[in-house]
Number of protein chains: 2
Amino acid sequence: MKYALYYWPIVQGRGEFIRLALEDAGAAYTDVARGPNGMAKLERFMGNFVRATFAPPYLKAGKLIIGQTPNILLYLGPRLGLTPKNDADRLWVHQLVLTLSDWTVEAHDVHHPLGAGLYYEQQRAAAKRRAAEFNTQRIPKFLRYFEHLLARNPAGPNWLCGRRASTADLCLFQVIAGLRYAFPRTMVKREKKAPRVVALHDRVATRRGIAAYLASPRRIAFNEHGIFRHYPALDQ
Amino acid sequence: MKYALYYWPIVQGRGEFIRLALEDAGAAYTDVARGPNGMAKLERFMGNFVRATFAPPYLKAGKLIIGQTPNILLYLGPRLGLTPKNDADRLWVHQLVLTLSDWTVEAHDVHHPLGAGLYYEQQRAAAKRRAAEFNTQRIPKFLRYFEHLLARNPAGPNWLCGRRASTADLCLFQVIAGLRYAFPRTMVKREKKAPRVVALHDRVATRRGIAAYLASPRRIAFNEHGIFRHYPALDQ
């Protein structure tokens with residue numbers, strides 16, 4: 001199966017969780033909006049389509065068109081060898097992907113607390129207030145949670161579920177990488193209490209498919225159009 | 001199978017999407033935190049549990065403990081007759097549940113734009129600015145999207161997927177009910193352009209299990225501790 005990913009071409013964004021899964025598995029895929037007529041093709045399956053997607057990313061797999069990042073990972077996981085075999089573990093991995101998706105939304109909303117329709121520059125003061133809570137309460141709470149899960153995994157602390165990497169591990173890698181870019185001062189301090197999470201991040205980065213991807217031009221650099229944005233005023 | 005739902009006892013909140021599915025199907029379940037020692041039992045599967053849940057709701061089904069609202073509905077759907085039989089339709093329904101979950105988060109963040117750690121009263125001005133965008137941009141955009149899907153459903157406009165109700169329809173009912181409570185003036189105006197969505201809401205309300213539930217004391221009234229809160233200043 002050759003997959004087609006439809007997502008904004010200049011940011012990692014939510015599409016990155018899909019790119020990482022495809023790259024980790026060495027799957028054949030095209031990143032459609034980064035190719036010729038990319039934006040026109042991206043808009044095709046929104047708009048007037050019978051099963052229109054509310055927002056990118058979406059994945060075309062044969063005749064199927066699948067939207068919502070966690071849903072795409074739910075579909076891809078077993079096909080890419082990134083999902084456990086039994087149903088209970090699959091639900092567990094999906095639960096973790098959804099929790100990491102919640103964390104990602106919160107990281108975005110730090111710089112857009114008043115809504116995505118205004119620029120960051122129009123909501124600096126509100127962003128600074130929201131950042132204070134995110135950095136001192138939410139980042140530590142999420143880090144504690146995932147550190148706890150790794151410490152209590154009966155199969156050992158290498159991966160979130162069992163003894164093999166799953167889509168949840170790739171998502172945790174991406175969230176940590178993004179937070180380090182956006183909030184470097186905060187993360188230096190907060191990471192100290194989450195050594196297993198940091199080790200998982202590093203472990204994912206050295207997986208063959210991921211390491212090759214991160215070193216390639218296919219990995220878009222973090223920037224101030226994406227989810228994880230570095231504004232020093234928000235990293236206090 | 002007798003299910004046990006763990007969720008905050010005084011609000012509809014995210015737990016309500018689960019309650020509606022169980023009630024629609026006439027499933028046997030206990031709403032644990034509303035019974036004796038409820039809060040202590042609720043906290044039991046957070047905290048130090050091996051597969052701890054980040055936040056309520058979660059569902060106990062035999063030995064399984066499942067967290068994250070869309071994940072719980074993914075599990076319950078086929079067991080309650082609220083999910084289509086084929087895989088493509090199941091992914092589609094899950095995609096819609098996730099989009100409705102995103103809409104729900106946005107509805108919550110209108111009254112808590114600076115974070116859940118502050119009271120609404122501490123962020124009134126920011127809330128008012130966020131409400132302006134939500135009411136004039138986001139509610140119409142989501143309504144247009146679901147209206148479009150109903151209009152284009154090849155099986156007719158009664159339900160979001162095929163010719164039978166699914167968990168996605170119950171979620172859309174709940175979001176519309178919540179928005180009507182929170183933003184009555186806005187909804188009177190915006191609903192006019194979404195007659196199929198309104199008809200779906202009314203159709204769900206008359207389903208046997210749902211109608212009985214809504215008339216029972218088990219349905220907690222909307223209030224200002226939940227996701228959908230009525231603050232007149234935010235309904236302009």
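User: What percentage of the 236 residues in chain A is buried, and what makes a residue buried or exposed?

Analyst: Of the 236 residues in chain A, 47% are buried. A residue earns that word if 20 or more other C-beta atoms lie within 10 Å of its own; with 12 or fewer it is exposed, and in between it is partly exposed, the C-beta atoms being placed from the backbone. Please keep in mind that this is a predicted model, in which local features need pLDDT of at least 70 and side-chain atom pairs count only at pLDDT 80 or more, while totals for chains, interfaces and linings use all residues. Residues are numbered from 1 along each chain as its sequence is written, and chains are lettered from A and ligands numbered from 1 in the order in which they are written.

User: How many helices and strands does chain A have, and what makes a stretch count as one?

Analyst: Chain A has 9 helices and 4 strands. These are DSSP runs, numbered from the N terminus: H or I over at least four residues for a helix, E over at least two for a strand. Read from the N terminus, the order is β-α-β-α-β-β-α-α-α-α-α-α-α.

User: Why is chain A called as compact as a globular protein of its length?

Analyst: Its radius of gyration is 18 Å, close to the 18 Å that the globule rule gives for 236 residues, so the description fits. The radius is taken over C-alpha atoms, and the rule is 2.2 Å times the number of residues to the power 0.38.

User: Why is helix α1 of chain A called largely enclosed?

Analyst: Helix α1(A) spans residues 15–24, and 10 of its 10 residues are buried, so the rest of the structure largely encloses it. Among them are A:Phe17, A:Arg19 and A:Asp24. The cover over these residues includes β1 (3–6), α3 (69–79) and α6 (167–182) of chain A. Just after α1(A), A:Gly26 takes a positive phi of about 65 degrees.

User: What makes a nonpolar core, and which residues have the most contacts inside the largest one?

Analyst: Such a core is a set of buried Ala, Val, Leu, Ile, Met, Phe, Trp, Tyr and Cys residues joined through C-beta atoms within 7 Å. The largest has 138 residues, and A:Ala21, A:Leu172, B:Ala21 and B:Leu172 have the most contacts inside it.

User: How many residues does each chain bring to the contact between A and B?

Analyst: Chain A and chain B each bring 35 residues, two residues being in contact if their C-beta atoms, placed from the backbone, lie within 7 Å. On the side of chain A, α5(A) gives the largest share, 10 residues.
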